[in-house]
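The following exercises are to be worked with the sequence and the three-dimensional model at hand. Each task is followed by a solution in steps.

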Amino acid sequence: FFFFFLMIRRPPRSTHCISSAASDVYKRQLLKSLLNFQSKSAVNDTLWTISYLTDRNTEVVDKLVDFIDFPALVKVIAGDDIRDVTPALRIVGNVCTTDNEEVVKKIYQLHILEVLQQLLLREDMKKLHKEACWVLSNIAMGPPECLAEFFERKIFGLLANYAINYPNQEVHQDVI
């Protein structure tokens, strides 16, 4: 993964190595390959690496956003492996904290609200309810159409119920 970090932080400067456009294509393909790798540990390591890179660093998010395979992330979030769902949620949440409304729209168009709503209703994913509430709060701060769907899907009602009745105090804080 050290090589991967170097590629993201410092694309090749020499035209003798790789052109900038080719470098971008290579980074995108590398990320997609790592997220679809057969080794579960490689996928998990990749997810956590992207999560850490995007945490509170808008500059890095802006650089990475074109290389993140958002459909794959949404698929992971809808999945059953809590070890992969956690970093995937954090990546989406981190990306949605930026001012880039186009990216939030892109994620929104992948039906992320439906996926997060389903995750909140799953008893086997209770450990991730706090993360899902945090991601929803970040999406709610995005484009108006995202907020409109919160009402249509009755997500605000679900969150209000969590704020009042959820047994875990940490979830209360993220809902409010």
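**Exercise 1.** Which residue just after α3 takes a positive phi, and of about what value?

*Solution.* The model under study is a predicted one. Begin with the helix itself: α3 covers residues 40-54, 15 residues in total. From its first C-alpha to its last, α3 reaches 21 Å, close to the 21 Å expected at 1.5 Å a residue. Next, move just past the end of α3, where Arg-56 has a positive phi of about 55°. Finally, consider burial within the helix: the buried residues of α3 include Val-43, Leu-47, Ile-50 and Leu-53, and Asn-44, Thr-46 and Ser-51 are buried in α3 as well.

**Exercise 2.** Describe the overall make-up of the protein.

*Solution.* First, count the elements: there are 12 helices and 0 strands. Second, consider burial: 48% of the 176 residues count as buried. Third, examine contacts between residues at least 6 apart in sequence; 66% of these join residues at least 24 apart.

**Exercise 3.** How many of the residues of α8 are buried, and which are they?

*Solution.* The helix is mostly covered, with 7 of its 10 residues buried. These are Ile-112, Leu-113, Val-115, Leu-116, Gln-117, Leu-119 and Leu-120. To find what covers them, look at the surrounding helices: α5, α6, α7, α9, α10 and α11 are among the elements that do so.

**Exercise 4.** Determine how α8 is oriented relative to α11.

*Solution.* Start from the axes of α8 (residues 112-121) and α11 (residues 155-165), which come within 11 Å and cross at roughly 30°. Angles under 35 degrees count as roughly parallel, and α8 is therefore roughly parallel to α11. The crossing of α8 past α11 is left-handed. On the α8 side, the contact is made by Leu-113, Gln-117, Leu-120 and Leu-121; α11 contributes Ile-155, Leu-158, Leu-159 and Tyr-162. Sorted by class, this contact has 7 nonpolar residues, 1 polar residue and no charged residues.

The spacing of such positions can be read against a general rule. An α-helix has 3.6 residues a turn, so residues three or four places apart point the same way.

**Exercise 5.** Why does Trp-134 count as partly exposed?

*Solution.* Locate the residue first: Trp-134 lies in helix α9. Its relative accessibility is 23%. Buried means under 20% and exposed means over 50%, so Trp-134 counts as partly exposed at 23%. As a last step, compare sequence with space: Trp-134 and Arg-90 are 44 residues apart in sequence and 8.9 Å apart from C-alpha to C-alpha.

Notes
Residues numbered from 1 in each chain as written. Predicted model: local features only at pLDDT ≥ 70, side-chain atom pairs only at ≥ 80, totals over all residues. Heavy atoms only, no water. Axes fitted to C-alpha atoms, helices over the stretch in contact; angles between N-to-C directions. Helix = DSSP H or I, 4+ residues; strand = E, 2+ residues; numbered from the N terminus. Parallel < 35°, antiparallel > 145°, perpendicular 65-115°, else oblique. Left-handed = near helix turned anticlockwise from the far one by under 90°. Contact = heavy atoms within 4.5 Å. Nonpolar A, V, L, I, M, F, W, Y, C, P; charged D, E, K, R; others polar. Expected span 1.5 Å × (residues − 1). Buried < 20%, exposed > 50% of the residue type's maximum accessible area, 1.4 Å probe, protein only.
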